[in-house]
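Subject: Structure for you to look at

Hello,

Here is the structure you will be taking over. Please open it first; my notes on what was found follow below.

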Amino acid sequence: MSETASLRDYFLLEARHTPRRAPVAAAILGALGVLGTHAILVRFPPRAIHFLEQAFDLRGIAAVLLINDLMAAYFAPFFVGLAGLLGAVVTAREEDQLEVLLAKPIRARVLLAARVWPILGVATATGAAVSIATALSIVPYLAPGDMVSAAGALGGGLFLTAFALLLLVMLLPLLVRMRDAFHALLVGSLVWLAPLMPSAVMIYRPDVYEGRAALRSAITLPSLVWHDAAAAWIGPLALILVAPLCALFVRIAGSVLERTDTR
């Protein structure tokens, strides 16, 4: 058997062992979370809906629903991916399994790529599923002249899926050096939370963005709702463009792993 065939078989072996139940459950729970949010939010008093419209500069119940739905499209792929990476890298190292794997006649960067790419794939599928559910579930609430659309909702979800993937692979060079899964989960959670802080500022300190419309559009989550038409095509494009960045960071993490003492 050639070396190329052996590597292909090894990649397929790792792919077969990639957890599938958790991503499927996360996609289902994400979709149910979107529907549940709709069922609850539409029953909020008009004053509460008006507060959300003012806080995030929205107009209409569909936009208010979408800003909450996009959180699911960001949460689900990130934590599905993070859980997979922790199991494949950090927990394996914590339990002294990584040393056994690296003792095989295979380069560390190849081993890492074989374990990571299927995880990124299921994270992408989870985000795409939640994004599709978001786009479909927003349709009944759309009205003529709304600032959002089903295409924009789908694009916004796909953009956040791509962003979640980028955060995960940027974390990977750090994760391959960590030996404690709890600490790695804590770091990952902080990385997930940090990009949401500028959006939270809109509720508590809206004056921070006075006269800084461009900055507000660049760093806040509601920007995907404000620029609905752009989100419709930026989202799919971002998902395509993130692939080479993922490849780059997986390669960097592999190089870090090769230089790291795993004993």
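**Aromatic pairs**

There are 6 aromatic pairs in the structure. One of them joins tyrosine 74 and phenylalanine 163: the ring centres are 6.0 Å apart and the planes stand at 35 degrees, so this pair is classed as tilted. The two residues come from distant parts of the chain, with tyrosine 74 in helix H4 and phenylalanine 163 in helix H7 (residues 150-175), 89 residues apart. Tyrosine 74 has a relative accessible area of 2% and is therefore buried. Phenylalanine 163, at 28% relative accessibility, counts as partly exposed.

A further pair is made by phenylalanine 78 and phenylalanine 79. Their ring centres are 5.2 Å apart and their planes are at 75 degrees, so the pair is edge-to-face. The angle is over 60 degrees, which is the cut-off for that class. Phenylalanine 78 is buried, with a relative accessible area of 0%. Tyr74, Phe75, Phe78, Phe79, Phe163 and Trp192 together form one aromatic cluster.

**The model as a whole**

Please keep in mind that this is a predicted model. The protein has 263 residues, and 46% of them count as buried. Its secondary structure consists of 12 helices and 0 strands, so the pattern read along the sequence is α-α-α-α-α-α-α-α-α-α-α-α. Among the contacts with a separation of 6 or more, 80% are between residues 24 or more positions apart. The exposed surface of the protein comes to about 13,300 Å², and 68% of it is supplied by carbon and sulfur atoms.

**Two more residues in helix H4**

Aspartate 69 lies in helix H4, which covers residues 61-94. Which side chain of opposite charge is nearest to aspartate 69? That side chain is arginine 43, and it is 13 Å away. A salt bridge needs the two atoms within 4 Å; aspartate 69 is buried and has no salt bridge. Leaving out residues up to four places away in sequence, aspartate 69 touches Val34, Thr37, His38, Thr134, Ser137 and Ile138.

Alanine 72 is also found in helix H4. With a relative accessible area of 18%, alanine 72 is buried, since the cut-off for buried is under 20%. Outside its neighbours within four places in sequence, alanine 72 is in contact with Gly30, Val34, Pro77 and Val130. Val34 thus appears in the contacts of aspartate 69 and in those of alanine 72. The C-alpha atoms of alanine 72 and leucine 29 are separated by 9.3 Å, while the two residues are 43 residues apart along the chain.

**The salt bridge**

How many salt bridges does the count come to? The count is 1 salt bridge. Arginine 216 forms a salt bridge with aspartate 57, and the closest N and O atoms are 3.3 Å apart. This pair also links distant parts of the chain: arginine 216 is in helix H10 (residues 213-219), aspartate 57 is in the loop between helix H3 (46-55) and H4, and the two are 159 residues apart. Arginine 216 counts as partly exposed at 22% relative accessibility. Aspartate 57 is partly exposed as well, at 40%.

**A loop residue and a surface patch**

Leucine 142 is found in the loop between helix H6 (108-138) and H7. Is leucine 142 buried or partly exposed? Its relative accessible area is 30%, so leucine 142 is partly exposed. Not counting residues up to four places away in sequence, leucine 142 touches Ala62, Val148, Ser149 and Ala150. Leucine 142 and isoleucine 61 are 81 residues apart in sequence, and 8.2 Å apart from C-alpha to C-alpha.

On the surface, Trp233, Ile234, Leu237, Ile240 and Leu241 form a nonpolar patch, with about 500 Å² of accessible area together. One of these residues, leucine 237, is found in helix H12 (residues 228-259). Leucine 237 counts as partly exposed, at 37% relative accessibility.

Regards

Notes. Residues are numbered from 1 along each chain as its sequence is written. This is a predicted model: local features need pLDDT of at least 70, side-chain atom pairs count only at pLDDT 80 or more; totals for chains, interfaces and linings use all residues. Side-chain values use heavy atoms; hydrogens and water are left out. Helices (H or I, at least four residues) and strands (E, at least two) are DSSP runs, numbered from the N terminus. Buried means under 20% relative accessible area, exposed over 50%, partly exposed in between (1.4 Å probe, protein chains only). Lys and Arg count as positive and Asp and Glu as negative; His and the chain ends are not counted. Contact means heavy atoms within 4.5 Å. Accessible areas come from the Shrake-Rupley method with a 1.4 Å probe; for residues, only the protein chains shown count as cover. Rings of Phe, Tyr and Trp (its six-membered ring) pair if their centres lie within 6.5 Å; planes under 30 degrees apart count as stacked, over 60 as edge-to-face and the rest as tilted. Patches are made of residues with over 30% relative accessible area and no salt bridge: like charges are joined within 9 Å, nonpolar side chains (Val, Leu, Ile, Met, Phe, Trp, Tyr) within 5 Å.
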